[in-house]
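Reader: I should like to understand how the terms used for a protein model are justified. Please explain them with the structure at hand.

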Amino acid sequence: MTMYDTAPRPAPKAEGAIPTTVRSDPSESHEIDQWLLDLRVQTGVRWDKSEVIRELLRMARASDGILRDALTARAKRAGA
């Protein structure tokens, strides 16, 4: 079983933070919103999209490489 560092990290303060934009089409945006709502219901934790994106990126950088390997495989399939 993979364990990730799930200790909460505060969002960076606006001053000095580097913004990142993630674009999605309307249907994907709706799916993401629904997924976040489901996650909140399951966990009782209300995360905004930026918190979830930062946490997913942290998980992708984890030393076990599971998500990185999955992303690499996906990239190879897309380039084939």
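Author: The following exchange sets values against definitions. This is a predicted model, in which local features need pLDDT of at least 70, side-chain atom pairs count only at pLDDT 80 or more, and totals for chains, interfaces and linings use all residues. Residues are numbered from 1 along each chain as its sequence is written, and side-chain values use heavy atoms, with hydrogens and water left out.

Reader: What makes helix 1 and helix 2 stand out in pLDDT among the elements of the chain?

Author: The term pLDDT is the predictor's confidence in each residue, from 0 to 100. Helix 1 has the highest mean, 95, and helix 2 (residues 49–60) the lowest, 88. The chain as a whole averages 86.

Reader: How do you know how many helices the chain has?

Author: Helices (H or I, at least four residues) and strands (E, at least two) are DSSP runs, numbered from the N terminus. By that rule the chain has 3 helices and 0 strands, and its pattern along the sequence is α-α-α.

Reader: Why is Val-22 called exposed?

Author: Buried means under 20% relative accessible area, exposed over 50%, and partly exposed in between (1.4 Å probe, protein chains only). Val-22 has a relative accessible area of 57%, and is therefore exposed. Val-22 lies in the segment before helix 1 (26–43). Of the 80 residues of the chain, 9% count as buried.
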